[in-house]
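Work through the exercises below with the model in view. Try each task before you read its solution.

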Amino acid sequence: MMNYGLTEDQLTIVRLAAEIAEKKIKPVRAEYDEKEEFPWPVIEDIRKADLFGVYLPEKFGGFGGGNFELVLVTEALSRACAGIALAVAASGLCAIPILLFGNPEQRQKFLPELASGKKLGAFTITEPEAGSDATSTRATARLDGDHYVVNGVKNFCSSGKAADLYVLFASTNPSKGPRGISAFVVEKGTPGFSFGKKETKMGIRASWTYELVFNNCRVPKENLIYKEGHGLRVAQGTFDYSRPGVAAQALGLAQGALDESMAYIRVRKQFGKPISSFQAIQHMAADCATQIEAGRALLYSVARAMDAASKPAVDEAIKMGLPVYDVLEKLSGGKRWTKESAMVKLFCSDMAMKVTTDCVQMCGGIGYMRDFPVEKYMRDAKITQIYEGTNQIQRNEIAAMMIKEAASSERREAVNA
Ligand SMILES: Cc1cc2nc3c(=O)[nH]c(=O)nc-3n(C[C@H](O)[C@H](O)[C@H](O)COP(=O)(O)OP(=O)(O)OC[C@H]3O[C@@H](n4cnc5c(N)ncnc54)[C@H](O)[C@@H]3O)c2cc1C
C-alpha cells in the first residue's frame with residue numbers, strides 16, 4: 001500500500017480497526033458466515049474501541065473525523081469480513097441523514113448513541129415494488145395530531161432487527177408522487193413496527209437483512225427529518241456521502257482476498273515450483289494489486305475532497321443551529337458529490353468483483369472451497385455492485401451529471417462569447 005500521508009489520529013484508527021479485524025474477526029468470520037448469526041461479541045469489541053463514531057463531530061460523542069475516517073475503518077474491518085463491517089456502515093447510513101438534514105434536537109437526541117455504538121442504526125428505503133426506483137415508494141405516513149401514522153412494508157434492510165434506530169422513507173402525500181416522500185427516524189419498539197422475513201443470502205451473511213412491517217405505527221411528529229416532501233433529497237444527499245463507504249467495503253475485501261491469495265501462491269507447489277513463479281499467476285496478482293491501488297487512490301481523494309468541503313459546513317451548522325445541508329448548499333454554491341461518490345462506488349465494487357474472482361482462480365480448487373477464506377470474499381464482493389444503487393444506476397447518475405455539466409458549461413461559454 002502506498003503512503004497516503006495519514007495523520008497520527010488516522011493511523012491510530014486504522015491500527016485499532018486492523019487489530020480487531022485480525023484478532024477478533026478473522027477467527028470467527030467463517031462461523032458467522034455459516035450460521036448467518038449477528039456478530040454481537042465483535043460489535044462489542046468495535047464499540048469498546050470507539051470506532052462507531054469516528055466520522056461524527058465531537059459535540060455528539062464522535063471522534064471528530066469525517067467521511068475519510070469512516071472509509072478507513074470500513075476498509076480495515078472489511079479486509080477481514082465485509083458482512084461484519086456492514087454493521088458499522090449501516091449505522092452510518094442512519095447517522096448521516098440525521099447529521100446532514102436533522103435539526104439540532106434530533107442531532108443531540110440520536111447521534112451520541114450512534115456514535116458510541118450503544119445503539120445500532122439502519123436505513124430503510126427499499127420496498128418490494130420500489131428498488132432502483134425509489135419514487136415508487138408505497139409506504140405512507142399520515143399526520144394525525146402529534147404523530148405520523150405509518151403503514152407499509154420495507155424490505156432488504158441491513159442490520160434489520162439488530163438496529164435500534166431506523167431512518168425510514170414513506171409518503172406523507174401520495175398525490176404528490178416523488179415530492180410527497182418524507183424521511184423519519186423510527187425507534188425499535190414503537191408499537192406497530194415489527195420484523196417480517198429474514199433473508200438468507202449469497203454473501204455478507206454475518207449481516208442480518210430483514211423485512212420491516214409498519215401497521216398503524218405512530219411515529220412522533222418531531223421525528224420527521226428535514227421537511228415533508230423532501231425525502232428523496234434526504235436519500236440522495238445521504239447516498240452522496242455514504243457510497244464511498246460501500247467503495248471502502250469493496251476495497252477492503254478485495255485487499256483481504258489478495259492477501260490470502262499471496263500467502264497461498266507462495267507455498268503451493270506444482271511442477272516442482274511455487275505457483276507464484278508462473279508468469280500467468282504473477283500477472284493476475286499484478287493486475288489485482290494495480291486495480292486495488294487505483295481504487296484506493298480514487299476513494300481516498302474523493303473522501304478527502306468531500307471532507308474538505310463539508311466539515312466547515314458541519315461546524316457552521318452546529319454553531320448556527322441549522323441543518324448542515326442548508327449551510328452546505330450555501331457554502332458550496334450547490335456543489336453536489338453525486339458524480340464522484342457514484343464513480344468511486346462503481347469503480348471499487350467492479351474492481352472487487354474482478355479481483356476476488358481472479359483470486360479464486362489463482363488459488364485453483366482450494367480457492368473454491370468453504371474451508372479456505374477466498375471464496376467468501378468473492379461472494380461478499382457481489383453485493384457491493386448491487387446495494388446503495390446498482391452499478392447500472394451509478395452509471396445512469398454519472399452520465400446524468402456529465403450531461404448537466406456539459407450543458408451548463410456550454411451556457412457559460414455562450415454568455416462569455
Ligand atoms: C443484501 C442486501 C442488503 C440491502 N440493504 C439495504 C438497506 O439496508 N436499506 C435499503 O433501503 N435497501 C437495501 N437493499 C436494497 C438494495 O439497495 C436494492 O436491492 C437495490 O437498490 C436494487 O433494487 P432491486 O433489488 O429492487 O433491483 P431492481 O430495481 O429490480 O433492478 C433489477 C435490475 O434492473 C436494473 N435496472 C433497474 N432500473 C434500471 C434503470 N433505470 N437503468 C438501468 N438498469 C436498471 C438494475 O440495475 C438491476 O440489474 C439491500 C439489498 C440487498 C440485496
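Five exercises follow, each with a worked solution.

This is a predicted model: local features need pLDDT of at least 70, side-chain atom pairs count only at pLDDT 80 or more, and totals for chains, interfaces and linings use all residues. Residues are numbered from 1 along each chain as its sequence is written, and side-chain values use heavy atoms, with hydrogens and water left out.

**Exercise 1. The whole chain**

Task: Describe the build of the protein chain, from its helices and strands to its surface.

Solution:
- Step 1. Count the elements. The protein chain has twelve helices and ten strands. Helices (H or I, at least four residues) and strands (E, at least two) are DSSP runs, numbered from the N terminus.
- Step 2. Check the compactness. The radius of gyration is 22 Å, close to the 22 Å of the globule rule for 417 residues, so the protein chain is as compact as a globular protein of that length. The radius is taken over C-alpha atoms, and the rule is 2.2 Å times the number of residues to the power 0.38.
- Step 3. Take the extents. Along its principal axes the C-alpha trace spans about 80 × 60 × 40 Å.
- Step 4. Look inside. Buried residues make up 54% of the 417 residues. Buried means under 20% relative accessible area, exposed over 50%, and partly exposed in between (1.4 Å probe, protein chains only).
- Step 5. Look at the contacts. Of those between residues at least 6 apart in sequence, 75% join residues at least 24 apart. Contact means heavy atoms within 4.5 Å.
- Step 6. Finish at the surface. About 18,000 Å² is exposed, and carbon and sulfur atoms supply 55% of it. Areas come from the Shrake-Rupley method with a 1.4 Å probe; for residues, only the protein chains shown count as cover.

**Exercise 2. A strand and its partners**

Task: Find out why strand β4 is described as largely enclosed, and name its partners.

Solution:
- Step 1. Count burial. Seven of the seven residues of β4 (residues 165-171) are buried, so the strand is largely enclosed by the rest of the structure.
- Step 2. Take each face. Leu165, Val167, Phe169 and Ser171 are buried on one side, and Tyr166, Leu168 and Ala170 are buried on the other.
- Step 3. Find the parallel partner. Strand β1 (residues 121-124) runs parallel to β4, joined by four bridges. Two strands pair if DSSP finds at least two bridges between them. Ala122 has Tyr166 in β4 as its bridge partner.
- Step 4. Find the antiparallel partner. β4 and strand β5 (residues 181-187) pair in the antiparallel sense over seven bridges. Here Leu168 is bridged to Phe184 in β5.

**Exercise 3. Around β7**

Task: Which strands pair with β7, and what sits in the loop before β7?

Solution:
- Step 1. Start with β3 (residues 147-158). β3 pairs with β7 (residues 209-220) in the antiparallel sense over nine bridges. Gly152 stands opposite Phe214 in β7.
- Step 2. Go to β6 (residues 193-198). β6 and β7 are antiparallel too, with four bridges. Phe195 has Leu212 in β7 as its bridge partner.
- Step 3. Enter the loop. Ile204 lies between β6 and β7. Its phi is near 35°, a positive value in a residue other than glycine. Ile204 counts as buried, at 4% relative accessibility.

**Exercise 4. A helix residue and a loop residue**

Task: Place Ser242 and Glu388, and say what links them.

Solution:
- Step 1. Locate Ser242. Ser242 is in helix α7 (residues 231-267). Its relative accessibility of 7% makes it buried.
- Step 2. List contacts. Not counting residues up to four places away in sequence, Ser242 touches Leu93, Ile96 and Glu388.
- Step 3. Move to Glu388. Glu388 sits in the loop between α11 (374-384) and α12 (391-416). Its phi is near 55°, positive in a residue other than glycine. Glu388 is buried, with a relative accessible area of 15%.

**Exercise 5. The end of a helix range**

Task: Is Ile25 buried or exposed, and which residues does Ile25 contact?

Solution:
- Step 1. Find the place. Ile25 is in helix α1 (residues 8-25).
- Step 2. Read the burial. Ile25 is buried, with a relative accessible area of 0%.
- Step 3. List the contacts. Leaving aside neighbours within four places in sequence, they are Ile20, Val42, Leu77, Ala80, Cys81 and Ile84.
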